[in-house]
Amino acid sequence: MSNSIIRTEKLTKSYGRGAAATHALRGVDLEIPRGSFTAIVGPSGHGKSTLMHLLGALDRPSSGTVHLDGTDLGKLDSAGLARFRGRKIGFVFQFFNLLRGLSAAENVETAMMLSGAPPSRQAERARELLALVGLAEKAGSRPGELSGGQQQRVAIARALANDPEILMMDEPTGNLDSAAEEEIMQILLDLHSQGKTVIVVTHNPDIARRAQAVIQVQDGQIRA
Ligand SMILES: Nc1ncnc2c1ncn2[C@@H]1O[C@H](COP(=O)(O)OP(=O)(O)OP(=O)(O)O)[C@@H](O)[C@H]1O
Ligand SMILES: [Mg+2]
C-alpha cells in the first residue's frame, strides 16, 4: 500500500466552453499522505471546492488523473465511481445538506441504505455515531430543532456511516460561531487520531494552523 492515499497529476477542470469558459483548475499535482490531516485554503472562487469534488470522485476532471488508494478514478464508469466513493469517502458540506423531514438518527441511517446491513443494525449504528459526536440525546430531533453546530455534527455522523477511510469537508465550520467551530474541530482531530485521513477546505486560520499540511490554491493552481 502506498503512503499516499490520494495522488493527482496535471489535473485540470474547466466549466463551459470557448471564450466563456472558466478554467477553475489549471494543472494540479498533489499527494495526500494516508492518515494525514490536510487543510485546503485559498481565496474565494480560486478552485478549492472544485478540487475537493475531483479528489472525492463527485465530479470528473477535464484532463489529468486522480488516483485514490491506488485506483485511477478515470478508469471507473459512473456506477463504479459511485460505489468506490460510497465505500471510501465521507463528505460534509458547508450547508449540512440534511433532510429536513427526518430525525437526526434517520438522516444518519439514510447513508447506510446501500450497505446491505439489516435495519436494526443501521439504527443501532446511527445511535453510536450520534453518541460519538455528542448528540445521543438528540437522535429523535429534526434538523430544524437543532442548532447549526448540532446539525453539522449530524452531518459528520452521517459522513461516518460507512466507516470511510477518508473524511472530506468543504467549509464545515463556515456557518458556525467560534464555540461550535471548536467542537467540530475537536471531533475532526479525534477522528484523525483514530487513523482517518481528514481533508478540510477552510477559510479559518485556526483550523489551517492545526492541520499537518496546508495546500494553498490560487488561480486554479497549488501555490508552493
Ligand atoms: N458548476 C460550475 N459551473 C460553472 N462554473 C463553476 C462551477 N463551479 C465552480 N465554477 C467556477 O469555478 C471557479 C472555482 O470555483 P470553486 O467553487 O472551486 O471556488 P472556491 O475556491 O471553492 O470558492 P469559495 O471559497 O467561494 O467556496 C469559480 O470561478 C466558479 O465560478
Ligand atoms: Mg468553495
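This passage walks through the ligand site and the pockets of a predicted model.

A good place to start is the annotated region. The UniProt record, an unreviewed entry, carries the annotation "domain: ABC transporter" for residues 6-224. Across residues 6-224, helix makes up 34% of the chain and strand 26%. The C-alpha atoms at the two ends of that stretch sit 18 Å apart.

Next comes ligand 1 and its surroundings. Tyr15, Thr22 and Ala24 are part of the shell around ligand 1, as is the run Pro43, Ser44, Gly45, His46, Gly47, Lys48, Ser49 and Thr50. His203 completes the list of residues around ligand 1. Sorted by class, this shell holds 8 polar residues, 3 nonpolar ones and 1 charged one.

Several of these residues come with a distance to an oxygen atom of ligand 1. For Thr50, a polar side-chain atom lies 2.6 Å from such an oxygen. Gly47 takes part through its backbone, with an N or O atom 3.0 Å from an oxygen atom of ligand 1. His203 brings in a polar side-chain atom at 3.1 Å from an oxygen atom of the ligand. On its own, ligand 1 would expose 640 Å², and the protein buries 59% of that area. Two elements each give two or more residues to the shell, namely strand S2 (22-33) and helix H1 (48-55). H1 provides the largest share, at 3 residues.

What about the open spaces in the protein itself? The largest pocket holds about 610 Å³ of space. Its lining counts 21 residues, and those nearest the centre are Arg85, Gly86, Ile89, Ala111 and Asn162. Helix H2 (78-88), strand S6 (89-92) and helix H5 (148-159) are the elements that each give two or more residues to this lining. H2 gives the most, with 6 residues. By class, the lining of the largest pocket is made of 11 nonpolar, 6 polar and 4 charged residues.

The second largest pocket holds about 150 Å³ of space. It is lined by 14 residues, and Gly45, Gly47, Lys48, Ser49 and Thr50 are the closest to its centre. Those five residues also appear in the list around ligand 1. At least two lining residues come from S2, and at least two from H1. H1 supplies the largest share of this lining, 3 residues, just as H1 supplies the largest share of the shell around ligand 1. In terms of class, the lining of the second largest pocket has 8 polar, 3 nonpolar and 3 charged residues.

Taken together, Gly47 and Thr50 turn up in both parts of the story. Each of them has an atom paired with an oxygen of ligand 1, Gly47 through its backbone and Thr50 through its side chain, and both are among the residues closest to the centre of the second largest pocket.

Terms used. Residues numbered from 1 in each chain as written. Chains lettered and ligands numbered in written order. Predicted model: local features only at pLDDT ≥ 70, side-chain atom pairs only at ≥ 80, totals over all residues. Heavy atoms only, no water. Near = heavy atom within 4 Å. Polar contact = N/O pair within 3.5 Å; in protein donor to acceptor, adjacent residues only side chain to side chain. Areas by Shrake-Rupley, 256 points an atom, 1.4 Å probe, with all protein chains shown as cover. Helix = DSSP H or I, 4+ residues; strand = E, 2+ residues; numbered from the N terminus. Nonpolar A, V, L, I, M, F, W, Y, C, P; charged D, E, K, R; others polar. 1 Å grid on protein atoms, 1.4 Å probe; cavity = no way out; pocket = protein on both sides within 12 Å on 5 of 7 lines; lining within 4 Å. Points joined across faces, edges and corners; volume = space filled by probe spheres on them. UniProt positions renumbered as here; feature names shortened; annotations may be inferred.
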